[in-house]
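Thanks for sharing this one; here are a few notes to read alongside the model. I have kept them to a pair of helices and a pocket.

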Amino acid sequence: MRVISPAAAHVLASPAAFARQVLAGFKKNQGLLLAGAVAYYALLSVVPLLILAVIALSHVVDQRELLETLGRYLEWVMPGQSRAVVAELSSFVTHRGVIGWVLLLTMLFFSSLAFTVLEKAMSVIFLHRFAVRRRHFLVSALLPYCYIVCLAFGLLVMTIVAGMLETMGDRMLFFLGFEWSLKGVSGVLLYLLGLIGEIVLLSSVYMVMPVGRLSWRHALLGGATAALLWEVTRHVLVWYFSTLSQVSVVYGSLTTAIVVLFSLEIAAGLLLLGAQVISEYERISRTPAGAVSRP
């Protein structure tokens, strides 16, 4: 029988105290300010990143299928605004012949900014790691571009699998004289595909972005928690923007940018809050036995 660790025992014994500790650490690290910085640079990065991914992957799969997959899953990140983003993306990709080397390098640079800033934000939250071990500057420089390649590959896989699931939705199942449409099953599987992809992405952020090594179990738990919290939050955002919000009246033509930035900031806040949970858990693990203060 496996005995739980002292850190896990402390958290289970005083979950409210641990939650207060996490929130206090998040406030001390100026988590909302860090989330705002990550969201701002993510807004700068998302369009050039998607343009590069679609241009590269359109040589492998159909561009229309890529844009449909992007539109479906961008809605998870930008509730209510994915159509506007995909429309602009489609217009730019259609005229990709005007892209020169200077513009290509510029887009490549801006597409990496969000990952660079996210790494800096993680170093603030995991300061206890950073004080012990520093990452080589070449690793920090190449890490964003490795993430871009991995995201492009993930988009390729999701596009192929989503196409297979949509094809399955057009079929009928015949059994014992009855027939059932597989469209509902296809829709559920498409949703689960997006959710699993979201969990894997967030878990990889917790595994790779902070300095040092993290147990994959902790990273997966953090990724699943952040993903589920975001699922609840994005449904609330969809309801709010579709029923109560007057943002289009206030901001007019800037509505898309404002809504996307607001959604990205909330998502970044949840991501960094999950990192703070892992950080505080590690601090408890590193505290000598009996030295952990209790309320």
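1. A word on terms before the pocket comes up: helices here are DSSP runs of H or I with at least four residues, numbered from the N terminus. Please also keep in mind that this is a predicted model.

2. With those labels in hand, let's start with the pocket. The largest pocket holds about 1,500 Å³ of space. Its lining counts 45 residues, and V77, F115, L151, G197 and L201 are the ones nearest the centre.

3. Which elements give two or more residues to that lining? They are α3 (31–57), α4, α7 (113–125), α9 (137–169), α10 (183–208), α11 (216–243) and α13 (255–286). The largest share belongs to α9, which supplies 11 residues.

4. For your chemistry eye: the lining of the largest pocket is made up of 38 nonpolar residues, six polar ones and one charged one.

5. Now to the helix pair. Helix α4 (residues 63–77) packs against helix α5 (residues 82–94) at an angle of about 155 degrees, and their axes lie 9 Å apart. Angles over 145 degrees count as roughly antiparallel, so α4 is roughly antiparallel to α5. The crossing of the two is right-handed.

6. Who makes the contact? On the α4 side, Q63, L67, L70, G71, L74 and E75 take part, and they meet S82, V85, V86, L89, S90 and V93 of α5. Sorted by class, the contact has seven nonpolar, four polar and one charged residues.

Methods: Residues are numbered from 1 along each chain as its sequence is written. This is a predicted model: local features need pLDDT of at least 70, side-chain atom pairs count only at pLDDT 80 or more; totals for chains, interfaces and linings use all residues. Side-chain values use heavy atoms; hydrogens and water are left out. Axes are lines fitted to C-alpha atoms, for helices over the stretch in contact, and angles run from 0 to 180 degrees between N-to-C directions. Angles under 35 degrees count as roughly parallel, over 145 as roughly antiparallel, 65 to 115 as roughly perpendicular and the rest as oblique. A crossing is left-handed if the near helix is turned anticlockwise from the far one by less than a right angle, and right-handed if clockwise. Contact means heavy atoms within 4.5 Å. Ala, Val, Leu, Ile, Met, Phe, Trp, Tyr, Cys and Pro count as nonpolar, Asp, Glu, Lys and Arg as charged, and the others, Gly among them, as polar. On a 1 Å grid over the protein atoms alone, a cavity is a set of points where a 1.4 Å probe fits but cannot get out, and a pocket is an open set with protein on both sides within 12 Å along at least five of seven lines; lining residues have an atom within 4 Å of a point. Grid points are joined across faces, edges and corners, and a volume is the space filled by probe spheres set on the points.
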